Amino acid sequence: MNIILYSLFILLVFCGQEQGTFLQESSTTPQENKLYTIKLKETHTIVSAKQMYDFLTTKQTYFRQQTPIDIQEIEFGDYVPKPQQNIEKKQADLKLHNFKNTQFTGPITVGDQEFQVIFDTGSANFWIDSIKCKNEGCKQHTQYKPSFRSKHLGYALNVQFGTGDLNGEVNSDVVKLGEIEIEDQNIAEIVEENGAVFQNSGFDGIVGLAYPSMAAYNLNPLFDNVMKQKKLQSNQFSFYMSNKVNSYESQLTFGGYDVTKLDGPVHYHPVIDKYYWMIKAENILVNGQDQGFCPKGCKVVADTGTSLITGPYDDLMKLLDLTNINDNCSNLKELPTLTFKIDGINYDLEAKDYIMELKDDGTEIPLSNEVSASAFIEGSAKQCIGAFMPLDIPDPQGPAWILGDIFLTKYLSIYDRDVNMVGFGKAKH
C-alpha cells in the first residue's frame, strides 16, 4: 500500500476548450421563482490539491494597511475604461462544465469582460487577475480592466499561502452572473503574485461563496451582495456536478435547485459556524462500523473548491489503513463503504465513488467513469489511488473534515442563506 502516492497530492488538470453559449432560462423550478445556472468551462494546467487548498482557505492571512494603495502608483498602460451600455435584464440559465471531476469553473462578467473562475464555497473573497499586474503569471490569463462603473476603494491586501503570496487591491465594479447584475461588488485585484498557484493554472480568478466573516475587511462576498440587492426570491444556490468527464452537464444554480437533477429526497442540515458551510456529522463509519473518528461528533465542510475528501492527519491515516487500497486495485471488490452520518441520514460513498486511476502523465480519473473495475482485477498495469488527503484545519474552525467534489458529485448540494442550512440529495447521473 503506497500511502504517500494516493493520499498526499491529487493533481488538478485543466485543458482549454472553446466556450459555448451559457445563457438559458431553466423551466424546471422547485419554487415559484426562476433559477439561474452557470455553465462551466475547462481551464489549463496542473496544480496540486494541497497547493490549491492552502491558497483558497487555511493559509490566507490578511495584512491591512492604514493607508490605501495610491491608484496613481499603478501602471494602466494605454488602457482607458469604457462606458458600459445599459442592457435590458434577461433571464439566465448558466451551466457548469466538468473537467475530469477535478475542478469546476465557469463564466462571470466583471465590468465589460468575461472571466473563467472557480466558484468556491470554501472561501469568501473574489480574486481576479488585474491589468495592473506585470508578472508573467498574470499575463497568461485574462486580466481585469476597470470599467466605467468601477470604483476605487484601494484597500491593500497581502495573502500568504503555502507556496507563495499575492499582493492585491480591493476595489469594486459591476458584476454579472448571466444577466443577473450586481452593482458595487468588491473585487480583490491581483497586482503582484509570487508562487505557482495562479501562474500554473488556467482560471482567471476565484469567487468565494462562503460567509462574510471569512472575507477580508468584512466586505460582502458576491452572494451577500446578491441578497442585499434582492436579486432572487429565494436566497439559495446549488451545485450539481455531473460525473461525465469533459461534459457541460454540471451546473451552479442561483435561486434554488433543479429537481430534475435529483434521484431522491433532499435532507437539510443546520450550519453550525457561519464561516465555512460547516455542519455536524454524528459519525463517520467504515462498512457501517464506528471506528472512533467522531466521539463527540465531527465538523464537516461542504467545499466545492476542493476536489478530495480531507480529514485531520491522524484520522485520515487511520482511514487509509482501514481501506487498505492496493495500488493495482486488485482488492476493489473488498473495499469498504464509507458513510458520513449527518442528522440521522447516511451518506454513503462506495469504492467506485472514492477510487481514482493514476495515469502515466500524473493525472487522476475517477474509476467509475473512464476505466472498468474488471480491467484492474484482470491484471491491468494501471494504478489506482484513494481520493483522500490529510489536512489539519486550525482552530477555531478545525479540526474538521472536508466534503469536496468527490462527495458533492454523488450528492447535489444546496446552500440556503435564508435559513442557514446545507441540503444534500442523491444526484441523478
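Asparagine 420 is buried in this predicted model, with a relative accessible area of 18%. That value counts as buried because the cut-off is under 20%. Asparagine 420 sits in the loop between strand 28 (411-416) and strand 29 (421-427), and its phi is positive, about 55°, even though it is not a glycine.

Lysine 230 makes a handy comparison. Its phi is also positive, at about 55°, and lysine 230 is not a glycine either. The loop here is the one between helix 5 and strand 12. Lysine 230 counts as exposed, though, because its relative accessibility is 73% and the mark for exposed is over 50%.

On the other side of helix 5 (222-228), the loop that comes from strand 11 (205-208) holds methionine 214. Methionine 214 is buried, with a relative accessible area of 6%. Its C-alpha atom is separated by 7.0 Å from that of serine 123, although the two residues are 91 apart along the chain.

Next comes strand 13 (residues 251-254), which has partners in strand 2 and strand 12. Strand 2 (residues 36-38) runs antiparallel to strand 13 and is joined to it by three bridges; here isoleucine 38 has leucine 252 as its bridge partner. Strand 12 (residues 236-240) is antiparallel to strand 13 as well, with four bridges between them, and phenylalanine 237 is partnered with phenylalanine 254. In a regular strand, side chains alternate between the two faces of the sheet. In strand 13, Gln251 and Thr253 are on one side and Leu252 and Phe254 on the other, and all of them are buried, so both faces are covered.

Further along the chain, an open sheet is built from six strands in the order 15-16-19-27-20-26, with mixed pairing. Strand 15 (273-274) and strand 26 (388-390) are its edges, each pairing on one side only. Helix 6 (residues 313-323) packs on this sheet and touches strand 20 (309-311), strand 26 and strand 27 (401-403). The direction of helix 6 makes about 145° with that of strand 26. At the strand 15 edge, two bridges join strand 15 to strand 16 (residues 277-281), and the two run antiparallel. Aspartate 273 finds its bridge partner in methionine 278 of strand 16.

The loop between strand 26 and strand 27 is home to proline 396 and proline 399. A cis peptide bond joins aspartate 395 to proline 396, with omega about 0°. Glycine 398 and proline 399 are joined by a cis peptide bond too, and omega there is about -5°.

Definitions and conventions:
Residues are numbered from 1 along each chain as its sequence is written. This is a predicted model: local features need pLDDT of at least 70, side-chain atom pairs count only at pLDDT 80 or more; totals for chains, interfaces and linings use all residues. Side-chain values use heavy atoms; hydrogens and water are left out. Buried means under 20% relative accessible area, exposed over 50%, partly exposed in between (1.4 Å probe, protein chains only). Two strands pair if DSSP finds at least two bridges between them. Contact means heavy atoms within 4.5 Å. Axes are lines fitted to C-alpha atoms, for helices over the stretch in contact, and angles run from 0 to 180 degrees between N-to-C directions.
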